[in-house]
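Visitor: Please take one part of this chain and look at it closely, then work outwards from there. I would like to start with a residue in a loop whose backbone is out of the ordinary.

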Amino acid sequence: MTPLISLGVDLASQPRNTGAALVEWSEEGAELHLLKAGMTDAALLELAAQAQVVAIDAPFGWPSAFLEAVQGAFAFAWPHPPGWPNTLRDELMYRHTERHMKAQGLQPLSASSDKIALPTMRCAGLLQALGVTDRSGAQGVFEVYPQASLRRWDLVPARKRRVAQRS
């Protein structure tokens, strides 16, 4: 197995709250080369150039219905009839991925209307700088949901295990 270097990014709206981990994976295991907070976009792009795979914990875009609605509202042509059904609200708030997560009992954040909206905007700039033109991961840049993955795999982060053990 040829060693593979991955970059994991916990993207926040501001660099001071953004963390990164650069890991080298080989047959012998994983070696952590960098674990750092306070990451600027320039620093993230520099690390991404060293990695074959980049995993970013932030939405790679907004719900299609939200984008259409914002464009319509800007042109004074709201694309929906009057009324506010929950189905419309959910289509404006959540991408297909988040709606699927909700159906699994998870409570995702909305890239269009929660605090995660700002990291989504920052992520759009990073994706452009990385030359990403396909959100599928085919270019080696992946959108990840660490918390949802841990829950799906029935794993509990160490800090939550400690809290549960004290109870």
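**Loops, helices and the core**

Guide: Asp-154 has a relative accessibility of 68% and therefore counts as exposed, the threshold being over 50%. The model is a predicted one. The residue belongs to the loop that runs between α6 (146-152) and α7 (158-166). Its phi is positive, about 60°, although Asp-154 is not a glycine. As a rule, most residues other than glycine have a negative phi.

A second residue can be set beside this one. Phe-76, also not a glycine, has a positive phi near 55°. Phe-76 is in the loop between α2 and α3, and comes just after α2. Its relative accessible area is 80%, so Phe-76 is exposed.

From Phe-76 one can step back into helix α2, which spans residues 64-74. The buried residues of this helix are Ala-65, Ala-69 and Gly-72. They are on the same side of α2 because the arc they cover around the axis is only 65°. In general, an α-helix has 3.6 residues a turn, so residues three or four places apart point the same way. On the other side of α2, the exposed residues are Ser-64, Gln-71 and Phe-74.

What lies over the buried side? The cover of the buried residues of α2 includes α3 (86-93). Helix α3 has buried residues of its own, Leu-88, Asp-90, Leu-92 and Met-93. These buried residues of α3 pack against α2 and also against α4 (96-103).

Next comes another pair of helices. The axes of α1 and α5 come within 11 Å and cross at roughly 40°. That angle makes α1 oblique to α5, and the crossing is right-handed. At the contact, Asp-41, Leu-44 and Leu-45 of α1 meet Arg-122, Leu-126 and Ala-129 of α5.

The same two helices lead into the core. The largest nonpolar core has 19 residues. Two or more of its residues come from each of β1 (4-10), β2 (19-26), α1 (41-48), β4 (53-57) and α5 (117-129). Leu-7, Leu-11 and Ile-56 have the most contacts inside this core. With residues up to four places away in sequence left out, Ile-56 touches Val-9, Leu-11, Cys-123, Leu-127, Val-141, Phe-142, Glu-143 and Val-144.

Strand β1 also holds Ile-5. With a relative accessible area of 22%, Ile-5 is partly exposed, since buried would require a value under 20%. Setting aside neighbours within four places in sequence, Ile-5 is in contact with Leu-22, Val-23 and Glu-24, and also with Gln-50, Ala-51, Gln-52 and Val-53. Gly-137 is 132 residues from Ile-5 along the chain, and 16 Å separates their C-alpha atoms.

To return to the start: Asp-154 and Phe-76 each have a positive phi, about 60° for Asp-154 and near 55° for Phe-76. Asp-154 is in the loop between α6 and α7, whereas Phe-76 is in the loop between α2 and α3.

Key. Residues numbered from 1 in each chain as written. Predicted model: local features only at pLDDT ≥ 70, side-chain atom pairs only at ≥ 80, totals over all residues. Heavy atoms only, no water. Core = buried A, V, L, I, M, F, W, Y, C linked by side-chain atoms within 4.5 Å. Buried < 20%, exposed > 50% of the residue type's maximum accessible area, 1.4 Å probe, protein only. Helix = DSSP H or I, 4+ residues; strand = E, 2+ residues; numbered from the N terminus. Contact = heavy atoms within 4.5 Å. Arc of directions from axis to C-beta. Axes fitted to C-alpha atoms, helices over the stretch in contact; angles between N-to-C directions. Parallel < 35°, antiparallel > 145°, perpendicular 65-115°, else oblique. Left-handed = near helix turned anticlockwise from the far one by under 90°.
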